[in-house]
Amino acid sequence: LSLSLSLSLPLSRVMLPPARGSKQGSGAASTAARRWWNRKKTWHRYMSECDVVSCILLGVGVLQLVFLHLEFRGGVPKGEFDSLKCSSSSCSQQIPKIIHQTYKTDQVPPNWASTPKAWQSVHPDWKYMFWTDERNRDLIDKHYHWFLGTYDSYPYGIQRSDAARYFILHKYGGVYADLDIQPLRPVSEILGDAVLVLPQTPNFGLTNAFMASVNGSSFMEHVIKALPDHANKWYQIVRHWHIMTSAGPTFLWAQYSKWGGDKSRSVVVPAAYW
């Protein structure tokens with residue numbers, strides 16, 4: 001839910017009091033005062049005509065931000081990327097050379113059709129695995145059957161897509177990337193010798209559009225075990241918040257903040273680097 005409210009008042013101009021006996025100065029001051037008063041009346045009229053739905057949505061948005069803060073209490077992870085991506089001078093890559101991408105079917109839309117080939121051409125010695133909705137569900141059913149009920153109960157397909165990528169990385173390890181992300185250089189440059197790589201979003205917090213981990217990652221295990229408890233929270237009233245906080249980026253960010261595991265071999269990539 002994104003609501004914005006702006007009020008424009010003539011605060012950039014400072015009207016000096018007119019000189020004593022100056023009619024021109026007095027007229028300019030009174031004109032400015034009338035303009036300010038008219039804008040103030042317009043603002044009050046707008047507020048009085050605010051429809052009920054907008055006011056309710058505004059209230060819901062504020063309340064949900066408060067509840068999310070109380071629930072997650074996470075600050076954006078920070079760190080010097082250049083010094084953290086390698087723990088030693090050898091800097092041997094630990095994350096498997098596997099690229100994962102997913103879509104509903106094998107028929108990728110035209111605007112993303114070049115993405116799989118782009119990843120493969122930049123990483124010729126890497127394995128490429130493409131996941132459809134059917135393959136994602138088969139993975140859950142075969143290797144994580146305990147989660148299948150929650151997986152099938154998600155009301156939105158994007159929730160299943162978000163959840164599946166955590167299980168894929170836990171099972172196989174490697175790099176996951178959304179189809180709207182294409183590599184300009186080999187991804188190894190930002191993996192270093194870390195066992196977990198999570199990027200910051202240009203907006204706020206972490207994103208699950210691009211992630212990397214070793215297989216059997218203790219963090220990914222923490223994430224997939226937390227999914228059932230966040231599938232249906234009482235504050236997930238609005239569709240967008242339901243998706244973001246049940247399995248999406250906000251959920252991932254919260255779990256990284258809560259995770260009590262060893263973060264010495266994990267790297268948070270600043271948005272500017274990727």
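The paragraphs below lead through this structure from its overall make-up to its cores and then to single residues.

The model is a predicted one, and its protein chain contains 11 helices and 6 strands. Of the 274 residues in the chain, 40% are buried, while the chain as a whole exposes about 15800 Å², a surface to which carbon and sulfur atoms contribute 55%. When contacts with a sequence separation of 6 or more are considered, 79% of them involve residues 24 or more positions apart.

The interior can be approached through its nonpolar cores. The largest nonpolar core has 35 residues, and within it Tyr-166, Phe-219 and Leu-227 have the most contacts. At least two residues of this core come from each of strand 2 (127-131), helix 5 (133-143), helix 6 (148-153), helix 7 (157-172), strand 4 (196-199), helix 9 (218-226) and helix 11 (249-258). Helix 7 provides the largest share, with 6 residues. Separate from this core is a second one of 18 residues, which includes Ile-99, Ile-181, Ala-194 and Val-267.

Tyr-166 gives a view of how the largest core is joined up. Leaving aside residues up to four places away in sequence, Tyr-166 touches Asn-208, Met-211, Met-220, Val-223, Ile-224, Leu-227, Ala-247, Gly-248, Phe-251 and Leu-252. Ala-164 also lies in helix 7, and this residue counts as buried because its relative accessible area is 2%, which is under the 20% cut-off. Beyond residues up to four places away in sequence, Ala-164 touches Asn-136 and Tyr-151. The C-alpha atoms of Ala-164 and Ala-247 are separated by 9.4 Å, although the two residues are 83 residues apart along the chain.

Asn-136 leads from Ala-164 to Thr-102, since both of these residues are among its neighbours in the model. Thr-102 is placed in strand 1 (residues 98-102), and with 11% relative accessibility Thr-102 counts as buried. Its side chain makes a polar contact of 3.2 Å with the side chain of Asn-136, and the side chain of Thr-102 also reaches the backbone oxygen of Trp-131, at 2.7 Å. The residues that Thr-102 touches, not counting those up to four places away in sequence, are Phe-130, Trp-131, Thr-132, Asn-136, Ser-161, Tyr-176 and Leu-179.

Phe-219, named above among the core residues with the most contacts, offers a route to two loop positions. Ser-217 is found in the loop between strand 5 (210-213) and helix 9, where its relative accessibility of 5% means that Ser-217 counts as buried. A polar atom of the Ser-217 side chain lies 3.2 Å from the backbone nitrogen of Phe-219. Asp-262, by contrast, counts as exposed because its relative accessibility is 53%, and its place is in the loop between helix 11 and strand 6 (266-269). Asp-262 and Phe-219 are 43 residues apart in sequence, yet their C-alpha atoms are 8.9 Å apart in space. The side chain of Asp-262 also joins that of Ser-264 through a polar contact of 2.6 Å.

The aromatic residues add a further layer to this picture. Across the whole structure, a search finds 12 aromatic pairs, and one aromatic cluster is formed by Tyr-144, Trp-146, Phe-147, Tyr-151, Tyr-154 and Phe-167. Tyr-151 of this cluster has already appeared as one of the residues touched by Ala-164. Two further tyrosine rings have a positively charged side chain placed over them. The charged end of Arg-239 sits over the ring of Tyr-156, with a distance of 4.6 Å to its centre, whereas Lys-263 lies over the face of Tyr-256, at 4.3 Å from the ring centre.

Definitions and conventions:
Residues are numbered from 1 along each chain as its sequence is written. This is a predicted model: local features need pLDDT of at least 70, side-chain atom pairs count only at pLDDT 80 or more; totals for chains, interfaces and linings use all residues. Side-chain values use heavy atoms; hydrogens and water are left out. Rings of Phe, Tyr and Trp (its six-membered ring) pair if their centres lie within 6.5 Å; planes under 30 degrees apart count as stacked, over 60 as edge-to-face and the rest as tilted. A charge sits over a ring if NZ of Lys or CZ of Arg is within 6 Å of the ring centre and within 35 degrees of the ring normal. Helices (H or I, at least four residues) and strands (E, at least two) are DSSP runs, numbered from the N terminus. Buried means under 20% relative accessible area, exposed over 50%, partly exposed in between (1.4 Å probe, protein chains only). A polar contact is a pair of N or O atoms within 3.5 Å; within protein, one must be able to donate a hydrogen and the other to accept it, and residues adjacent in sequence count only if both atoms are side-chain atoms. Contact means heavy atoms within 4.5 Å. A nonpolar core is a set of buried Ala, Val, Leu, Ile, Met, Phe, Trp, Tyr and Cys residues joined through side-chain atoms within 4.5 Å. Accessible areas come from the Shrake-Rupley method with a 1.4 Å probe; for residues, only the protein chains shown count as cover.
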